[in-house]
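Work through the exercises below with the structure open. Each task is followed by a stepwise solution.

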Amino acid sequence: MSAPPVIALDRLTKDYGQRRALGPLTLEVPAGRVGLLGPNGAGKSTLIKCLLGLVRPTSGRGTVLGFDIARRPLALRERVGYFPEVDCHVPDVSAAELVTLMGELAGLPRPDAIRRAHEVLDYVGLAEERYRPVGGYSAGMRQRVKLAQAIVHDPELLLLDEPTNALDPVSRERMLELIRDLGERRGMSIVYSSHLLSDVERVCDHVVILRGGAVIAQGRLADLRRGEGGAVDARVAGPAEALAAFRARLAAAGVAADDQQGGAVRLTGPDLSRVTLEAAREAGVQLRAFRPVRATLEDVFMEAVAAPAAPAGGG
Ligand code: ADP
Ligand code: MG
């Protein structure tokens, strides 16, 4: 059995007035590092706020770490860290005080909150500056305080809403490294929202692509990149019996072959490259072309960001 999903949604929707911002979403997100990718307005922030119980879904249900998001928001927030999209600082309060306060709000007794605040501020690289008012911090430092606030109570799951926004390249690298480390070495599950494919690729092994409030693609990054389980246009040459044997072998492996105009054959099914190569070798046909036609991750993402999203309905 695989591990239970960290997030499970069942026909979840969110409308703002007459306008649907999200859904209906039915989705399971595995443990690990998951990118929530989509252009502005796709519904990423709305989804994250629904998961935290900060925004009330219009319909449908969902669980996070097994807790019902509508019924157990407090239990949830003790186990989930949240890095909001907008700044939530009090300018004349120091990072040490702010992070301690967040620790207490997440349920830590004050002495633990103080100790953990110092630990996580060290971790994000704010050792010296921690007693200075946050109002005087650079954008990169403010984002790192936000990360410290999100992890002060050592959550199992971290929800990050565009954590590299407004960062210069050096600060961005640093932030990506920290987040990667939290996922890889400290074993936190991470949901990483971004409109940048390059960020998601650096941190995540799984991606959910949102557009107009709907999931348009999801899966392991490696699979999406390869177009596994997708379609390929192949060209083969050889004697008629060999070609027939090739098709029989494909069929036996669960791969469908449809003739295309111009002599190519479109293959669909699992594990296409391995199956096709083996079938060609065993049948004695020559494989002259093998071109994936299912969109790559970049294609899917470009499609998501390029054209204006169709309204998700409700309006
Ligand atoms: P993203 O984070 O992907 O940019 P959002 O979740 O912020 O997307 O927004 C999704 C949609 O919901 C957008 O059309 C946005 O304008 C709308 N929306 C978000 N928050 C509100 C709100 N508080 N009131 C009305 N509409 C909202
Ligand atoms: Mg957003």
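Helices and strands here are DSSP runs, at least four residues for a helix and at least two for a strand, numbered from the N terminus. The model is a predicted one.

**Exercise 1. Place Pro 84 in the fold and state its burial.**

Step 1. Take the elements on either side: Pro 84 sits in the loop between E6 and H3.

Step 2. Apply the cut-off: buried means under 20% relative accessible area. Pro 84 has a relative accessible area of 11%, so Pro 84 is buried.

Step 3. Look across the chain. Pro 84 and Lys 146 are 62 residues apart in sequence. Their C-alpha atoms are 7.9 Å apart in space.

**Exercise 2. Find the donors of the magnesium ion (ligand 2) and locate them in the chain.**

Step 1. List the donor atoms. Ser 45 gives OG, and Glu 85 is listed twice with OE. The distances run from 2.0 to 2.8 Å.

Step 2. Assign the elements. Ser 45 belongs to helix H1 (residues 44-52). Glu 85 is in the loop between strand E6 (80-83) and helix H3 (95-105). The pair therefore ties together parts that are 40 residues apart in sequence.

Step 3. Check burial. Ser 45 has 17% relative accessibility, so Ser 45 counts as buried. Glu 85 has 34%, so Glu 85 counts as partly exposed.

**Exercise 3. Describe the shell around ligand 1 and its polar contacts.**

Step 1. Collect the residues. The shell consists of Tyr 16, Arg 19, Ala 21, Pro 39, Asn 40, Gly 41, Ala 42, Gly 43, Lys 44, Ser 45 and Thr 46.

Step 2. Sort them by class. There are 4 nonpolar, 5 polar and 2 charged residues.

Step 3. Find the contacts to oxygen atoms of the ligand. Ala 42 uses a backbone N or O atom, 3.2 Å from an oxygen atom of ligand 1. Lys 44 uses a side-chain N or O atom, at 2.8 Å. Ser 45 places a polar side-chain atom 2.8 Å from an oxygen atom of ligand 1.

Step 4. Turn to coverage. On its own, ligand 1 has 560 Å² of accessible area, and the protein covers 62% of that.

Step 5. Name the contributing elements. Strand E2 (19-29) and H1 each give two or more residues to the shell. H1 gives the most, with 3 residues.

**Exercise 4. How many residues of H1 are buried, and what follows the helix?**

Step 1. Count. In H1, 8 of the 9 residues are buried, and the helix is mostly covered.

Step 2. Name them. The buried residues are Lys 44, Ser 45, Thr 46, Leu 47, Ile 48, Cys 50, Leu 51 and Leu 52.

Step 3. Step past the end. Gly 53 follows H1, with a positive phi near 75°.

**Exercise 5. How many disulfides are there, and are Cys 50 and Cys 204 buried or exposed?**

Step 1. Use the cut-off: a disulfide needs two cysteine sulfur atoms within 2.5 Å. The count is 0 disulfides.

Step 2. Read the accessibilities. Cys 50 has 0% relative accessibility, so Cys 50 counts as buried. Cys 204 has 7%, so Cys 204 counts as buried.

**Exercise 6. Give the overall dimensions and make-up of the protein.**

Step 1. Count the elements: 11 helices and 14 strands.

Step 2. Take the extent. The C-alpha trace spans about 80 × 45 × 40 Å along its principal axes.

Step 3. Add the burial. Of the 315 residues in the protein, 47% are buried.

Notes
Residues numbered from 1 in each chain as written. Chains lettered and ligands numbered in written order. Predicted model: local features only at pLDDT ≥ 70, side-chain atom pairs only at ≥ 80, totals over all residues. Heavy atoms only, no water. Donors = N, O, S within 2.8 Å, 3.2 Å for Na, K, Ca; no water. Buried < 20%, exposed > 50% of the residue type's maximum accessible area, 1.4 Å probe, protein only. Near = heavy atom within 4 Å. Polar contact = N/O pair within 3.5 Å; in protein donor to acceptor, adjacent residues only side chain to side chain. Areas by Shrake-Rupley, 256 points an atom, 1.4 Å probe, with all protein chains shown as cover. Nonpolar A, V, L, I, M, F, W, Y, C, P; charged D, E, K, R; others polar.
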